[in-house]
Amino acid sequence: MRQIPAGLAGHLASGTTTLCRCWRVARRDGIVQGFTDHDDNLVFGATTFRAGTGFEGSEIEARLGFAVTGSELSGALSSETLSEDDLAAGRYDDAKVELYLVDWSNPENRLLLRAGNLGEVKREDAAFSAEVRGIASRLDEEKGRIFAATCDADLGDARCRIDLADPAYRGEGVILAVEGASMFTAGGLDGFNDGWFTQGRLQWTSGANAGLAIEVKQHRMDGGVHLSLWQTMPKPLAPGDTFVVTAGCDKRFETCTSKFANALNFRGFPHLPGNDFVVAYAVPGEPGNDGTPVR
């Protein structure tokens, strides 16, 4: 059972309440923002909770056991609250959210109702809605090693050990012509084979999207170097924008061997039998059904 602080309990027992809700959002880059549905700003816990932001919260769902529960936040998009560019750039992905019930006449009388993390965010015109996932959602995340035919390491990490600073796996390019919202012709990458940067990581070093990174959907050589991205960038692409792109990996053993010569550090199980082998049964006359061990 949740314990209500004595000050807030006394306030509730008085019969006349001055309550509001406050949300504290802490991004992974260290930026902390506060929002309230009260009509004036509130300050507590070294955070200013801004009023007039249009913030609203849905009902909080709670269940027994470890079932994943959640709620929803909605509000207006603006530079003073949650900007569309920051949302598109992923700066609010998995941000920590705390919901408080606060006596606005004395903010020291408050109760932490819920803590969780931002999940899926939807945008429509000048507004947004965001899913707030409860702590139990962490129990749905994969932990530890995954037994699969493909590699479960990330290219360039401590387990993979490929040095992505090596010029063989890294290229510096510039947009020559924009072909669409997420497609362009690039210069500076003529020395790399077709598909070398497919599924690679591209980071902008100049232009309106400088500092942001995105995954490459396709790299093809067809009368020039053409790159397409998995997502549209927050700001339009323009000729002259520069970037750094690193090689991509599809996590197959064949790719690890032929493209990176890194079979020793492959973190998958390439000889793991697939579903076809598991459900197979012996058929008279087929090779291998002579009673000898399967190798």
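Me: Before we look at His-226, how are helices and strands set here?
Reply: Helices (H or I, at least four residues) and strands (E, at least two) are DSSP runs, numbered from the N terminus. This is a predicted model, in which local features need pLDDT of at least 70, side-chain atom pairs count only at pLDDT 80 or more, and totals for chains, interfaces and linings use all residues. Residues are numbered from 1 along each chain as its sequence is written, and side-chain values use heavy atoms, with hydrogens and water left out.

Me: Which strand holds His-226?
Reply: His-226 belongs to strand β14, residues 225-229.

Me: Is His-226 buried or exposed?
Reply: His-226 is buried, because its relative accessible area is 11%; buried means under 20%, exposed over 50%, and partly exposed in between (1.4 Å probe, protein chains only).

Me: What does the side chain of His-226 make a polar contact with?
Reply: Its partner is the side chain of Glu-179, at 2.8 Å. A polar contact is a pair of N or O atoms within 3.5 Å; within protein, one must be able to donate a hydrogen and the other to accept it, and residues adjacent in sequence count only if both atoms are side-chain atoms. The side chain of His-226 also reaches the backbone oxygen of Asp-222 at 2.9 Å.

Me: Changing topic, where is Gly-30?
Reply: Gly-30 sits in the loop between β1 (19-26) and β2 (32-36). Gly-30 is exposed, since its relative accessible area is 56%.

Me: And how far apart are Gly-30 and Ala-95 in space?
Reply: They are 9.7 Å apart, C-alpha to C-alpha, and 65 residues apart in sequence.
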